[in-house]
Amino acid sequence: MADSNLAFLSLILLFPLSLLVFLYVIVSPKPVRIPIKGRHVFITGGSSGIGLAMARQAAAEGARVSILARNRDKLEEAKQSIHLSTGIDVAVFSADVRDFAAVKAAVEEAGPVDVLVCNQGVFVPQELESQELEEVKFMIDVNLMGTFHLIKAALNGMKNRRDRGPASIAVMSSQAGQVGIYGYTAYSASKFGLRGMAEALQQEVIADNIHISLIFPPDTETPGLEEENKKRPQLTSIIAASSGAMKADEVAKKALDGIKSGSFIVPCNFEGLLLSIATAGLSPQRSYLMAFVEVVTAGIVRLAGLCFQWNWYGSIEKWHAQKK
Ligand SMILES: NC(=O)C1=CN([C@@H]2O[C@H](COP(=O)(O)OP(=O)(O)OC[C@H]3O[C@@H](n4cnc5c(N)ncnc54)[C@H](OP(=O)(O)O)[C@@H]3O)[C@@H](O)[C@H]2O)C=CC1
Ligand SMILES: CCCCCCCCCCCCCCCC(=O)[C@@H](N)CO
């Protein structure tokens, strides 16, 4: 009796243990730490919201920080506010990410980048039927093409960086870049596009010791969100409320921690963690523990995802019924 209990016990322990060992051996690429102290961190959209919070935190941690955005006054204001809270001066660059020549000139003037944070982004929520194509193109151009411009402009310098230490390209996506959300046809497309780019690019730059992080925040209290809320369709707000709102400082902290730990996927809250497991797909995973969680919970998390869809389609149906 005791023997069969023991055999049973070792069997149920053996399975997870051998899975852990197996994953420990195979997860690739391997874990990496990316220091930011004393290194050059270049942040786009660094004059407002999440980007500004990241610039402030990176400066406080001893990085040399450059920020890029269009509006010079907002850039100066950001510089002063970072100086006031940290005593550190950041370099500012005014450029529109849609203008490749301007981006290239700014990146060259700033000097070789160790950590590139492509955070600029625009979001105008509206049903596709009533959204102008101009506005669709605007989101794709700034969010997706703008990030291509930045990476093309910075990559050569990053490859030839002096210290040869691990470098990072971080890309700001959104939870709307993990799941399509009502009112975000263009925005979600721009953010999903970034994921495909990031997955492919990681394979291309791993040999140069460059590591990609994709950050997926939920609604975050920023000047951008305040603007967005003025025209957000009700259903967009209802569905987005499935994931709570965060403060810009909290998201910035998650983002920087994710970059420093070399994580490919960086969720920002608990719903975000569920979303990353549900949408893990074939993206790289450096942590054998997270890989274990993904493998073991895949089925149940898919079930949770289907429950969310049930709830969302219920809201959509109710909303249409009320409209009639
Ligand atoms: N806030 C939220 O709820 C969420 C935001 N995100 C993402 O996080 C990122 C930052 O968002 P958030 O902090 O709210 O944004 P904000 O609107 O507060 O700030 C946007 C920043 O990007 C800059 N920017 C905008 N367009 C361009 C451009 N064409 N060229 C260069 N810089 C530009 C802005 O400066 P300027 O206008 O002077 O150029 C500003 O510095 C975005 O990518 C967004 O999609 C993701 C999930 C949730
Ligand atoms: C498996 C279970 C998963 C459960 C969680 C599902 C939650 C999804 C909510 C998506 C919210 C999208 C907010 C986008 C915010 C944004 O990007 C705009 N504010 C523009 O910046």
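**Two ligands in a predicted model**

An oxygen atom of ligand 1 sits 3.3 Å from a polar backbone atom of Gly45, which is a polar contact in the sense used here (a pair of N or O atoms within 3.5 Å; within protein, one must be able to donate a hydrogen and the other to accept it, and residues adjacent in sequence count only if both atoms are side-chain atoms). The model is a predicted one, in which local features need pLDDT of at least 70 and side-chain atom pairs count only at pLDDT 80 or more, while totals for chains, interfaces and linings use all residues. Residues are numbered from 1 along each chain as its sequence is written, chains are lettered from A and ligands numbered from 1 in the order in which they are written, and side-chain values use heavy atoms, with hydrogens and water left out.

Back to ligand 1. Another backbone partner is Gly224, with a polar atom 3.2 Å from an oxygen atom of the ligand, and Lys191 brings in a polar side-chain atom at 3.0 Å from a ligand oxygen. On its own, ligand 1 exposes 890 Å², and the protein buries 95% of that (accessible areas come from the Shrake-Rupley method with a 1.4 Å probe; for residues, only the protein chains shown count as cover). The elements that give two or more residues to its shell are α2 (49-60), α6 (185-205) and α7 (223-231), with α7 making the largest contribution at three residues. Helices (H or I, at least four residues) and strands (E, at least two) are DSSP runs, numbered from the N terminus. In total, 32 residues surround ligand 1, and Ser47, Ser48, Arg70, Tyr187 and Thr222 come nearest; a residue is near a molecule or strand if one of its heavy atoms lies within 4 Å of it. By class, the shell splits into 13 nonpolar, 14 polar and five charged residues (Ala, Val, Leu, Ile, Met, Phe, Trp, Tyr, Cys and Pro count as nonpolar, Asp, Glu, Lys and Arg as charged, and the others, Gly among them, as polar).

Now for ligand 2. Its shell has 21 residues, the closest being Ser174, Tyr184, Tyr187, Asp219 and Glu228. Oxygen atoms of this ligand pair with the side chain of Ser174 at 2.6 Å and with that of Tyr187 at 2.7 Å, while a nitrogen atom is 2.8 Å from an N or O atom in the side chain of Asp219. Taken alone, ligand 2 has 600 Å² of accessible area, and the protein covers 96% of it. Two or more shell residues come from each of α7, α10 (270-278) and α11 (288-323), and α11 gives the largest share, four residues. The class count here is twelve nonpolar, five polar and four charged.

Asn119 lies in the loop between β4 (115-118) and α5 (133-159). This residue counts as buried because its relative accessibility is 10% (buried means under 20% relative accessible area, exposed over 50%, partly exposed in between; 1.4 Å probe, protein chains only). Leaving aside residues up to four places away in sequence, Asn119 touches Thr44, Gly45, Ile50, Gly51 and Met172, where contact means heavy atoms within 4.5 Å.

As for the whole protein, there are eleven helices and nine strands, and 48% of the 324 residues count as buried. Of the contacts between residues at least 6 apart in sequence, 75% join residues at least 24 apart.
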